[in-house]
Amino acid sequence: MSIILCLETSTTNCSVSIGDGDFIIAHKEINSKNFSHSEQLHSFIDELLKQESLIPKDLDAISVSKGPGSYTGLRIGVSAAKGLAYALDIPLISVSTLLCLAKQVNINEGLIVPMLDARRMEVYSEVFDANYNSKREIKAEILDESSFKTELNQGQVHFIGTGVEKFNAICNHPNAIFHNKKLPSAKEQFFIAKRKFEDNDFEDVAYFEPFYLKDFVSN
């Protein structure tokens, strides 16, 4: 049995969970458009540990969403995860933000496209099959009426994430299924992190950096 602390800060959702063995035993999150992660993240961690009568030394690993996503949000989450992993001398696990989003869709056939809103009509997206195998690499792309036409012509495609709203406005394909605006969560992250923990799939704490996909651009 392993206890894993999971941190998700790649979007406006500040999400923390603790998993023990096969179950999530604690979870807390808040979606704040003001990106209050720097104020909320550590208080959420402390609150959940106390709630479960745990201390940091009880943790077996730290997991963090690696991106893509908000530059600032990713820096906050990864910095916290690396600091805890180093101080506690426990493994650091990174999990794809888009895979976490895809895991919120449960289908038997078809494709899943998680997409995160970037600037203007741009999104970060990936394509998964019904078993969550990646069928197309992560891209930063500008949406238009022909986006994902190849996938849509093959069958149903489920779109999920913060980029869905603007694609829904321009896509009229009958095979497109749009899920309500969803955010990545530490809930789905735990089950991916658990598998990585069992496989000893860890990051180098000293050198790990978030996957930004694009260079930072200030407003």
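Which residues of the largest nonpolar core touch the most other members? In this predicted model, the largest nonpolar core holds 24 residues, and Leu5, Leu7, Val16, Ile18 and Ile62 are those that touch the most other members. At least two residues of this core are supplied by each of β1 (3-8), β2 (13-20), α1 (37-51), β4 (61-67) and α2 (71-88), with α1 providing the largest share, five residues. When residues up to four places away in sequence are not counted, Ile18 touches Ile3, Ile4, Leu5, Phe23, Ile24, Ile25, Ala26, Leu48, Leu49 and Leu54. Separate from the largest core is a second one of 22 residues, which includes Ile4, Cys100, Ile107 and Phe190.

The cysteines were examined for disulfides, and the count comes to zero. The closest cysteine sulfur to that of Cys6 is in Cys100, at 8.4 Å, and because a disulfide requires sulfur atoms within 2.5 Å, this separation is too far for a bond. Both residues count as buried, since the relative accessibility is 0% for Cys6 and 0% for Cys100.

The second largest pocket has a volume of about 210 Å³, and its lining is made up of Leu99, Lys103, Asn131, Tyr132, Glu188, Phe191, Ile192, Arg195 and Lys196. Helix α6, which spans residues 186-198, gives the most to this lining, with five residues. By residue type, the lining of the second largest pocket divides into four nonpolar residues, four charged residues and one polar residue.

Technical notes. Residues are numbered from 1 along each chain as its sequence is written. This is a predicted model: local features need pLDDT of at least 70, side-chain atom pairs count only at pLDDT 80 or more; totals for chains, interfaces and linings use all residues. Side-chain values use heavy atoms; hydrogens and water are left out. On a 1 Å grid over the protein atoms alone, a cavity is a set of points where a 1.4 Å probe fits but cannot get out, and a pocket is an open set with protein on both sides within 12 Å along at least five of seven lines; lining residues have an atom within 4 Å of a point. Grid points are joined across faces, edges and corners, and a volume is the space filled by probe spheres set on the points. Helices (H or I, at least four residues) and strands (E, at least two) are DSSP runs, numbered from the N terminus. Ala, Val, Leu, Ile, Met, Phe, Trp, Tyr, Cys and Pro count as nonpolar, Asp, Glu, Lys and Arg as charged, and the others, Gly among them, as polar. A nonpolar core is a set of buried Ala, Val, Leu, Ile, Met, Phe, Trp, Tyr and Cys residues joined through side-chain atoms within 4.5 Å. Buried means under 20% relative accessible area, exposed over 50%, partly exposed in between (1.4 Å probe, protein chains only). Contact means heavy atoms within 4.5 Å.
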